Amino acid sequence: MTKLLASVTGPEEAEIALSGGADIIDLKDPAQGALGAVTPEVLAATIAAVAGRRSVSAVAGDLPMQPDVVTRAVLERKDADFVKIGLFPAERGERLAVIEALGEVARDIRLVAVFFADGEPDFELLEPLAKAGFHGAMIDTMGKGAGGLLTRLPFHALARFVERARDLKLMTGLAGSLEAADVPRLAVLKPDYLGFRGALTGGRRDDAVDPGNVRRLAALIAANAVSEAAEGALSNGVGERGMPAEGQGLGALDRILVKDFVLDLEIGAYGHERSRKQKVRFSVDAAIARIDTRNDDIGEVYSYDLIIDAVRALAERGHTDLVETLALDLARTVLSDRRVFEVSVRVEKLELGPGAVGIEIRRRRADFIG
Ligand SMILES: O=C[C@H](O)COP(=O)(O)O
């Protein structure tokens, strides 16, 4: 289940984060940079204050890619449960030298490598990291205030990163000026944690952490995990989160729409349709539990962003012969969120006939559960 990593400056903020529901207390001095380190004294005081109630991670600092400098900084923080090391822009060989040098300390200290979405991330380094014995890998952003993670890397690149790191048995994390609205989208990827600083303070990273913001994000992450935990509930005829059970009227549902979303895709069963892309139009209509206007909270709604991400993922996966396959796969993905009760998907090729040609399907979850 995805956890909440809260970046804090010391014992006082750690207490606020902890009582708000943070799972990992991450020490960082935002005034010193993206991975600005706190002093060993502040780290020791925070570890003492947290007293084993949560894991404590510490960043090594904004450091040059020099093995001796980075190793020294890591060793100074060896009492933390995790030490995060930034893979800052440098030649691949320089980054590799740092990773390999840390292989020895990785036996005693759990190391987490931090790729920067806006700092020449080289995901080919995931394998060397796993080989060197790193415990985890995450993505963050270096430049704060110029757009969050999802504006710096496309969703499918994040998906590939999480999948690849997970295959290598690395703990996975995503961060980078994340906002509440990013949580449902990123939760779909099931990273081990989502990391926050700016959203905890209310925007400015060097302001103090606000307890209400921690609680809200913790609840949001938990709410997105609920759908997964309750898997199977609907197929048993049990309604979830206000959803009518199977067999009840669909009149009680609202609809989330994505209309006329056009993307270039490799699609088609004919030879002349291979090795080229053509325009395909997607329209999706997802039936969800009736919305409640008293609660203007992103945690309560199924976002159209989730549908858009799913369509984009189809466009990234390579050649598909049939529009039927695209429609079924998209319906299955949308219905994998427990807040969606029924979905209608239309997929149309726009370059083949005199007009659009394609398919429209309507499915409920039970159609896929069998
Ligand atoms: O490790 C997580 C970071 O501290 C995230 O900071 P941010 O949300 O301000 O980008």
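These legends describe close-up views of a predicted model.

**View 1. Confidence across the predicted model.** The protein has a mean pLDDT of 89. Of its residues, 90% reach 70 or more. Residues 229-242 fall below 50. This stretch still has 23 contacts in the model beyond near neighbours in sequence. Where pLDDT is low, the predicted coordinates should not be read in detail. The model scores are ipTM 0.98 and pTM 0.83.

**View 2. Strand β3 and its enclosure.** Strand β3 spans residues 55-59. Four of its five residues are buried, so the strand is largely enclosed by the rest of the structure. β3 pairs with strand β2 (residues 24-27) and with strand β4 (residues 82-86). Both pairings are parallel.

**View 3. Pairing of β2 with β3.** Four bridges join these parallel strands. Leu27 faces Ala58 of β3 across the pairing, standing opposite it. Helix α2 (residues 40-50) belongs with the two strands to a β-α-β unit. The unit, β2-α2-β3, is right-handed.

**View 4. Pairing of β3 with β4.** Here the parallel pairing runs over three bridges. Ala58 appears again, standing opposite Val83 in β4. Helix α3 (residues 67-75) joins β3 and β4 in a β-α-β unit. This unit, too, is right-handed. Ala58 of β3 thus has Leu27 opposite it in one pairing and Val83 of β4 opposite it in the other.

**View 5. The surroundings of the ligand.** The ligand is surrounded by 17 residues. The closest are Ser7, Ala175, Gly195, Arg197 and Gly198. Three elements give two or more residues to this shell: β1 (3-8), β8 (193-196) and α9 (198-201). By class, the shell holds five nonpolar, six polar and six charged residues.

**View 6. Ala286 in strand β10.** Ala286 sits in β10, which covers residues 278-289. Its C-beta has 25 C-beta neighbours inside 10 Å. Ala286 counts as buried because 20 or more such neighbours are enough for that label.

**View 7. Contacts of Ala286 across the sequence.** Neighbours within four places in sequence are left aside here. Ala286 is in contact with Arg255, Ile256, Tyr302, Ile307, Val334, Val340 and Val343. Arg364 lies 78 residues from Ala286 along the chain. The C-alpha atoms of Ala286 and Arg364 are 10.0 Å apart.

Notes: Residues are numbered from 1 along each chain as its sequence is written. This is a predicted model: local features need pLDDT of at least 70, side-chain atom pairs count only at pLDDT 80 or more; totals for chains, interfaces and linings use all residues. A residue is buried if 20 or more other C-beta atoms lie within 10 Å of its own, exposed if 12 or fewer, and partly exposed in between; C-beta atoms are placed from the backbone. Two residues are in contact if their C-beta atoms, placed from the backbone, lie within 7 Å. Two strands pair if DSSP finds at least two bridges between them. A crossover is right-handed if, with the strands pointing away from the viewer, the path from the first strand over the helix to the second runs clockwise. A residue is near a molecule or strand if its C-beta atom, placed from the backbone, lies within 6 Å of it. Ala, Val, Leu, Ile, Met, Phe, Trp, Tyr, Cys and Pro count as nonpolar, Asp, Glu, Lys and Arg as charged, and the others, Gly among them, as polar. pLDDT is the predictor's confidence in each residue, from 0 to 100.
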